[in-house]
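Here are a few exercises to work through with the model open beside you. Try each task before you read its solution.

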Amino acid sequence: MRKWLPLVAVCLGTFMLLVDVTIVTVALPDMARSLDTTFADLQWVMDVYALVLAALLLAAGSLGDRAGHRRLYLAGLVVFAGASLACGLATSPGVLIAFRAVQGIGGAAMLATTVALISHLYSGRDLGTAFGVWGAVSGAAAATGPILGGLLTQHLDWRWIFFVNLPISVAAVVMTLRYVEESRGKHRPGPDLPGLLTFTAAAGLATYALIKGNDYGWGSARTVGVFAGAAVALAAFVVAELRGRSPMLDLSLFRRGTFTGVMIGALLLSGAAFSYFAYESLWLQSALGMGPVTAGLCFVPMSGAAFVTAGLAGRLLEDRIPPGVMIGGGLLLIAAGSALQMLVGTGSSWTVLVPGLLVSGVGVGLATPTLVSTAVAAVGYQRAGMASGAVNTARQLGNALGIAVLGVVFHAGLSSSVHDAGVPRPTAVTDALAAGQAQGVLAGGGAAQRPALEHVVHAAFASGLRSAFLAAAVMGAVGGLAVLALVRRPGQQGGGHGPAEQPRTEHVVVPVEA
C-alpha cells in the first residue's frame with residue numbers, strides 16, 4: 001500500500017481545489033447576510049477563483065517544468081491554505097473576493113502539476129489505476145462541494161467552508177514532503193509573460209463588464225469602455241502568441257478542426273451545465289426557505305447521473321463510438337436538461353428541477369471523459385501538455401464567463417417580473433432578491449401584504465431562473481452543434497489542417513476536472 005501514498009498526497013490537493021469551485025454555492029445566502037453583500041459581490045466570490053485558475057493554468061504548467069512539479073505543488077498548497085484562512089476571517093466582501101483570487105493562484109499551481117506528478121510516479125498498469133483514482137476524486141469533488149458546503153454552513157458557519165481546507169492542506173504538505181519525489185519536464189523557455197498578462201486582462205475585463213453592467217448601465221461609457229479594453233487585450237494576446245518565441249498557446253493548433261471543436265465544447269460545457277447552480281441555490285434557500293444542507297442535496301441528481309454515466313463511458317469508447325458524438329451529444333443533452341428546468345414556475349417546488357438535472361448529468365458524464373484525450377489526439381502526443389492545459393483553461397474560463405453571463409440574464413428576469421408586479425421601489429426589491437434577501441423583502445411589507453409579496457418573490461425567481469436556463473440551453477446547443485460539425489476521428493480531417501492526429505491517443509480517457 002505504500003506505493004499509493006504519493007497518489008493520496010496528490011489527490012488531497014486535487015480534491016480540495018476542485019471542491020472550492022462549488023462549495024461556496026450553498027453558502028451564498030449566509031455570506032450575503034453576514035457581510036451585507038450585493039449581487040455583484042456574490043458573483044465575484046464565485047467567479048474570481050475560476051477566473052484566476054483559467055488565467056494561470058498554462059503559465060503554471062511551464063513554471064512547474066522548470067522549477068519542479070513537486071516544489072510548485074507544495075507552494076500551491078501553502079498559498080491555498082493561507083488564502084483559505086484569510087477568506088474565513090474576512091470581514092468585508094472586498095477582502096473575501098481578494099483572497100478568493102489568491103486561492104486561485106494556489107489552485108492553479110496545484111492543478112497544473114498533478115498530472116505531471118502522477119505520470120512521473122507511476123507507469124504501466126499502475127499509471128492507469130492512478131489516473132482512474134484521480135479522475136474519480138475529481139468527479140467526487142464536484143459532487144461533494146454543495147453537500148459539504150451545506151453541512152458546514154448549517155451546523156457550524158459559512159466561514160468553515162474555508163477553514164476546512166487548513167487540516168487538509170497540512171496533511172497534503174506532510175505527505176508530499178515524505179512520499180512524493182521531485183520531477184521536472186523537458187527544459188522549456190521561461191513563462192510567456194506577454195501572453196499571460198494580455199489573456200488575464202482580456203478575461204478579467206470581460207468578466208468585470210458583465211458583472212458590473214447592471215450597476216453602470218449597459219450603454220454607459222464605463223461599460224462600453226471596459227468591453228473595448230477587453231477586446232484590445234484579446235487582440236494583443238493574439239499578437240503576442242503569434243509573434244512570441246515560446247507562446248503558452250500555439251494558435252496554429254486552431255487550424256485543426258477537431259482541436260477547435262473540442263475547445264469550443266470545453267468553453268461552453270461548464271457555463272451550460274454548472275453556472276446556474278448559484279442562482280438555483282438563492283431560490284432554494286432565499287425563496288423556498290431550505291437550509292443549506294437540503295439545498296445542497298438538491299444537486300445530487302446531476303452529480304449522481306454524471307458519475308454513473310462517466311463510469312459507463314469507458315465501455316462506450318471500447319465500442320469505438322466517435323469522440324465527437326460523445327462530446328457533442330453530451331452537450332446537446334446538457335442543453336436539453338437546461339431547457340427542461342425552464343418548467344419552473346411561481347408555485348414550483350425543488351422537484352421541478354429533477355428531470356432536467358438528471359438529463360444534464362448524463363450529458364456531463366458523457367462529454368467530459370473524452371475532452372482532453374480528443375484534444376491530445378488532434379495535435380499529437382508531443383503537445384499533450386499544451387493541449388490538456390488549454391482544455392482545462394477553457395473549462396475554467398467557461399465557468400467564470402458563464403456565471404457572469406447567466407447572472408446578467410437572471411437579474412434581468414428578476415427585474416422584469418418585479419417591475420411588472422408594480423411593487424413600490426422595484427429596483428431595491430430586485431437588488432434584495434438577487435442578493436439572497438427574499439425574507440427581508442417579505443418582512444418589510446407587513447402581515448397584510450405578505451401573501452401578495454410572496455407571489456411577487458416566487459414569480460420573480462421563476463422568471464430569473466427561466467432566463468438563466470434558456471441562456472444555458474443555448475450555450476449547450478451551440479457547443480454541441482459545433483463539436484458535431486468539427487470533431488473528426490484521427491486521420492479523417494483533411495484539407496489544410498496540419499499533420500494528422502495521433503491515433504494511439506484516440507481512446508485514451510484522460511481525466512479532466514469536473
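The exercises below go from the overall fold to salt bridges and then to a pocket.

This is a predicted model, where local features need pLDDT of at least 70, side-chain atom pairs count only at pLDDT 80 or more, and totals for chains, interfaces and linings use all residues. Residues are numbered from 1 along each chain as its sequence is written, and side-chain values use heavy atoms, with hydrogens and water left out.

**Exercise 1.** Work out how many helices and strands the protein chain has.

*Solution.* Start with the DSSP runs, numbered from the N terminus: helices are H or I with at least four residues, strands are E with at least two. That gives 21 helices and 0 strands. Next, check burial, where buried means under 20% relative accessible area, exposed over 50% and partly exposed in between (1.4 Å probe, protein chains only). Of the 514 residues, 57% count as buried.

**Exercise 2.** Find the salt bridges and say which parts of the chain Arg100 and Asp20 tie together.

*Solution.* First, the criterion: a side-chain nitrogen of Lys or Arg within 4 Å of a carboxyl oxygen of Asp or Glu. The structure holds 3 such pairs. Now take them in turn.

- Arg100 pairs with Asp20, with the closest N and O atoms 3.9 Å apart. Arg100 sits in helix 5 (residues 93–121) and Asp20 in helix 1 (residues 5–22), so the pair ties together parts that are 80 residues apart in sequence. Both Arg100 and Asp20 are buried.
- Arg33 pairs with Asp30, the closest N and O atoms being 3.0 Å apart. Both lie in helix 2 (residues 28–35), 3 residues apart, or about one turn of the helix.
- Asp157 and Arg159 meet at 4.0 Å, N to O. Asp157 is partly exposed, at 31% relative accessible area.

**Exercise 3.** Describe the lining of the second largest pocket by residue class.

*Solution.* Set up a 1 Å grid over the protein atoms alone; a pocket is an open set of points where a 1.4 Å probe fits, with protein on both sides within 12 Å along at least five of seven lines, and lining residues have an atom within 4 Å of a point. Grid points are joined across faces, edges and corners, and the volume is the space filled by probe spheres set on the points. Here that comes to about 520 Å³. Then list the lining: 22 residues, with Phe199, Leu234, Phe237, Leu267 and Leu397 nearest the centre. Helices 9, 10, 11 and 18 each supply at least two of the lining residues. Finally, sort by class (Ala, Val, Leu, Ile, Met, Phe, Trp, Tyr, Cys and Pro nonpolar; Asp, Glu, Lys and Arg charged; the others, Gly among them, polar). You get 20 nonpolar, 2 polar and no charged residues.
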